[in-house]
Amino acid sequence: MTAAAANESKQLVTLAVVGCGQRGEGYASYALKEPYPCKVVAIAEPRKNTCRLFAQAHNVDAALVFNHWQDLLQASAETIETLGRRLADGVIVAVQDNMHRDVVMAFAAQGYHILCEKPMAITARDCFDMEAAVKKAGIIFGMGHVLRYSPYTKAITEIIRSGTLGELVNAVHVEPVGYYHFAHSYVRGNWAKETGSSFSLLTKSCHDIDILCHWLLPATPIRVSSFGSLYHFKKGQKPAAASGVLRCLQCPVERECPYSAKKIYLDAVCRGHISWPVSVLVDGVPDIENVTYALQHGPYGQCVYESDNDVCDHQVVNIEFSSGATASFTMVAHTSLICERQTRLHFTNGEIVGDMSTFTVTDFRTGRKTRHYPNNEGGGHGGGDLGLVSAFVEAVRSNNQACLDTNVSEILKSHLTVFAAESSRREGRVVDCAEYEKGVRMALVA
């Protein structure tokens, strides 16, 4: 039997995609790359051109193309009532963070398996609500903690689990967000303000805290501390020569500014670059005209020192685990690297040093150094995006949550560590993780 025939003999997993922006498109690309395991059969997206292009790419029947997720939900309810079946096997939830709770809980109640983009939700209370809904429904639940699923990370995890280097004592992990990436997403973009979104450690780096917790299992976080602030992207840092100017296209020092919207977006389009980040600015295909209009009238053309942002642009987190092991994490905006994590893992008998594409293993006992080059299978996060969808599709096909190597309660736990870290930063104290969780649970019943 050929590989294609073997794949065709498997059950086809059908997916509905709620939110067809960058993340929804990225996850759904797996269905185009691997058409045998799964197919997108329904979508919900409010932006007209984005919706049309997505539906065309996946050949979605017009009757199953919706402008709002609640319309998709209603159509699903009617199909369940009249035909006794759902519109799809699973739902990919890739809407804005503040919508995750409502969308997940609604589709879970109808029995859909769910893959939800990170973060789980924007408050600890909402995360608990989602955990309860998922457990009650008895569904497969995947989380956009994509770092777990890249070939690079899986190779490191295998070495950790093997015990060949002894016990993992300490982890040092850095996320270099990237100077223009941070300006795009966390100064000008959807995650710039806590109101309507959440704090940047959650929205940007919850999957980094998750991978640290994953690597140190079965130990769990017991204490956490954190420091950070909005250091640079504020009015007090604005160059004097740009005083009084609100937009990059009118700025006399635009050419000298690393955060120039003209450089990041308009010049990119002029070079023929129409993918991220410029694709975010418009509904449909970017061109010089519509990008220029967006920079003249929208938030992506504003000066980064005049934008309505308030989230941290640098933050450190220290975690003590129940085993006695420790981990430190740094998220920082001001880097040339764009999300290419730098990691050092220190064991009793060796160490691993990696950069998200290759890693070096040193065995202290032999002095031997081995360089590893895991295969990058394409897609975002070193193959983690497509690796996650692949695992989710297999979990749905086989009705086996273990295919995702996590569950909703473990996902909740890592999110609680993030919320506890942010409490530490705000309150200026070391936070006991068990006490923090106890306090949240007590508030739920108050």
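Author: Before we start: helix axes here are lines fitted to C-alpha atoms over the stretch in contact, and angles between N-to-C directions run from 0 to 180 degrees. Also, keep in mind that this is a predicted model.

Reader: Okay, so at what angle do α2 and helix α12 pack?

Author: Two packed helices are described by the angle between their axes and the distance between the axes. For α2 and α12 (residues 384-398), the axes lie 9 Å apart. The crossing is right-handed. As for the angle, it's about 65 degrees.

Reader: Which residues of α12 does α2 meet there?

Author: On the α2 side, the residues involved are R23, G26, Y27, S29, Y30 and K33. Across from them, α12 brings in D385, L386, L388, V389, S390 and V393.

Reader: Let's turn to the sheet with the order β3-β2-β1-β4-β5-β6: which strands stand at its edges?

Author: This open sheet has six strands with parallel pairing, in the order β3-β2-β1-β4-β5-β6. An edge strand here has a single partner, so one side of it is left without a neighbour in the sheet. That description fits β3 (65-66) and β6 (141-143).

Reader: Which residue of β3 stands opposite I43?

Author: Strand β2 covers residues 38-44 and pairs with β3 in the parallel sense, over two bridges. The residue facing I43 is V65.

Reader: And which strands does helix α2 touch when it packs on the sheet?

Author: Helix α2 spans residues 22-33, and its direction makes about 150 degrees with that of β2. The strands it touches are β1 (13-18), β2 and β4 (90-93).

Reader: What about helix α5: what angle does its direction make with that of β5?

Author: Helix α5 (residues 100-109) also packs on the sheet, touching β1, β4, β5 (113-116) and β6. With β5, the angle is about 165 degrees.

Reader: Time for backbone oddities. Which residue does a cis peptide bond join to W276?

Author: Most peptide bonds are trans. At W276 the bond is cis, with omega about 5 degrees. The partner sits in the loop between α10 and α11, and it's P277.

Reader: What is omega for the cis bond between K118 and P119?

Author: P119 lies in the loop between β5 and α6 (124-137). For its cis bond with K118, omega is about -10 degrees.

Reader: Last one: what is the phi of C339?

Author: Most residues other than glycine have a negative phi. C339, in the loop between β10 (326-332) and β11 (342-347), goes the other way, with a positive phi of about 65 degrees.

Terms used
Residues are numbered from 1 along each chain as its sequence is written. This is a predicted model: local features need pLDDT of at least 70, side-chain atom pairs count only at pLDDT 80 or more; totals for chains, interfaces and linings use all residues. Side-chain values use heavy atoms; hydrogens and water are left out. Two strands pair if DSSP finds at least two bridges between them. Helices (H or I, at least four residues) and strands (E, at least two) are DSSP runs, numbered from the N terminus. Contact means heavy atoms within 4.5 Å. A crossing is left-handed if the near helix is turned anticlockwise from the far one by less than a right angle, and right-handed if clockwise.
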